Amino acid sequence: MPGSKHTFLGAMTIAGVCLLGVAIEAGQTTPAQDRPPMVEDVFKSVVLLKGIPVDTFFEAMGMFANAMGNDCTFCHSSTAVFDKAAFAVPTPRIQRARQMIVMMNAINKTYFGGQPRLTCFTCHSGNQSPQSDPNLDLQYGAPLDNSNVRDFPSDPGISANEVFDKYLQAIGGTERLARVSSLVAKGTYEGFDTAFAKVPVEMFARSPDQHTTIVHLEAGDSVRTYNGRNGWMAGPDTPMPLVTLSGGNLDRARLEAVLLFPAGIRQAFSQWRVGRAVLGDQEVRVVQATEAGQPVVNLYFDESGLLVRLVRWTQTPVGFVPTQIDYTDYRDVAGVKMPFRRKVSQTYMQMTIELSDVQPNVPIDAARFARPTPRPAA
């Protein structure tokens, strides 16, 4: 049934491919590297979601897919799977979606001061149609808690500094962390773009916050780079030859780089608060960062002090959209515990990186963290 877990996962697989496909068809030249490309620079058929970077636009598309529990061809023409130009066809559902965005914005402006409190997910919650009738199974059945919430009660009994101190001690202590200045790793990558087949991946990182991942896809290398200030994606799986990261996506790349050398994690944001949540069957402590008055990052630490999850939200015109990274399989590298498995879940993509070999303190050419060469899309 539409909206079920199995259908949703299959739909998201198609959505990831289709979302990439529409941008590839646009075929626009990459704008100047000193600013992220705006959506109107690339997609000429966009009507309402103008004035936002391309990477934020895809987060908004992911919100629609997640809220509806379906793939992009639910609204777009079904022929778009084979003919990317068909994504520009104004189908009745696209016209209806535009009306819904106008309605949502009007409600938020009237009742919530323009804040994105009402979103597509508020009413749809993974269903094609909003649910208007009471659901007794929800009322009397086992609760389905969402651990990735931005609003939760603070725990006054513990400070963020205490949680960070326990974390740094659990992974080896600040002295051992200070001895690791670079990392070179190899392993495997699998995701929607590989049909979940495992392909080789390489990782390069340099303290305090530079990080590059290279996925060796069959169609060519896919490169993700953060150089300490800017971030990019380039490869056959990206919607443009070069995607410049912005907003929440850029900050997530920064956090991923910082967490490879986590001694400076508490300085990543100026405001933190602590709460509690349950992941699976274990209670965890949540340390949340706030920026410009909005919760933007949750870090989840287990009882031993290890980081087990990161959630970073990107603000879009249709609401805050999360990216979730789960960290598991901690192993010792030069006296420091590192997660050898990272699973990244987004509203339009899911992927897993499993490392098999990590070498510390290896010299790395600065070119590894330079702006990637734009690559033609497959």
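Which residues are linked with D251 in a network of salt bridges? Select R254, E291 and R312 together with D251, since these are the four residues to display for that network; the model is a predicted one, and this tour begins at its charged pairs.

**Helix α9 and the salt bridges**

Of the 13 salt bridges that the structure holds, start with the one between D251 and R254, whose closest N and O atoms are 2.7 Å apart. Colour helix α9, residues 247-258, and both partners will be found on it, three residues apart, or about one turn of the helix. D251 is buried, at 11% relative accessibility, and R254 is buried as well, with a relative accessible area of 18%.

Stay on helix α9 and select R252 with E256, a salt bridge in which the closest N and O atoms are 3.3 Å apart. Because these two residues are four apart in the helix, about one helical turn separates R252 from E256. R252 has 13% relative accessibility and counts as buried.

Now move to R309 and D326, which form a salt bridge with 2.7 Å between the closest N and O atoms. R309 belongs to strand β10 (residues 307-316) and D326 to strand β11, so this pair ties together parts that are 17 residues apart in sequence. With the cut-off for burial at under 20% relative accessible area, R309 at 14% counts as buried, and so does D326 at 17%.

**The aromatic rings**

Next, show the side chains of F164, Y167, F269, W272 and F301, which ring pairs link into a cluster. A search of the whole structure finds nine aromatic pairs. One of them joins F164 to W272 in an edge-to-face arrangement, with 5.1 Å from centre to centre and 80 degrees between the planes. Since F164 lies in helix α7 (residues 160-170) and W272 in strand β7 (residues 272-279), the pair ties together parts that are 108 residues apart in sequence. Both F164 and W272 are buried.

Two further rings can be selected together with an arginine. Above the ring of F320 sits the charged end of R150, at 3.8 Å from the ring centre; over the ring of F152 sits the charged end of R273, at 4.1 Å from the centre.

**Two buried strand residues**

Select V333 in strand β11, which covers residues 319-333. V333 counts as buried, at 6% relative accessibility, and, leaving out residues up to four places away in sequence, V333 touches L183, M338, F340, V358 and P360. For a distance to draw in the viewer, take the C-alpha atoms of V333 and G173, which are separated by 13 Å although the residues are 160 apart along the chain.

Then go to T352, which lies in strand β13, residues 350-360. T352 is buried, with a relative accessible area of 8%. Not counting its neighbours within four places in sequence, T352 is in contact with T188, Y189 and E190, and also with R341, R342 and K343.

**A last stop on the surface**

Finish by switching on the surface and selecting V47, L48 and V102, which form a nonpolar patch there with about 240 Å² of accessible area together. V102 is found in helix α4, residues 92-111, and counts as partly exposed, at 48% relative accessibility.

Note on methods
Residues numbered from 1 in each chain as written. Predicted model: local features only at pLDDT ≥ 70, side-chain atom pairs only at ≥ 80, totals over all residues. Heavy atoms only, no water. Phe/Tyr/Trp six-rings, centres within 6.5 Å; stacked < 30°, edge-to-face > 60°. Buried < 20%, exposed > 50% of the residue type's maximum accessible area, 1.4 Å probe, protein only. Lys NZ or Arg CZ within 6 Å of the ring centre and 35° of its normal. Patch = residues over 30% accessible without salt bridge, like charges linked within 9 Å, V, L, I, M, F, W, Y side chains within 5 Å. Areas by Shrake-Rupley, 256 points an atom, 1.4 Å probe, with all protein chains shown as cover. Salt bridge = Lys/Arg side-chain N within 4 Å of Asp/Glu carboxyl O. Contact = heavy atoms within 4.5 Å.
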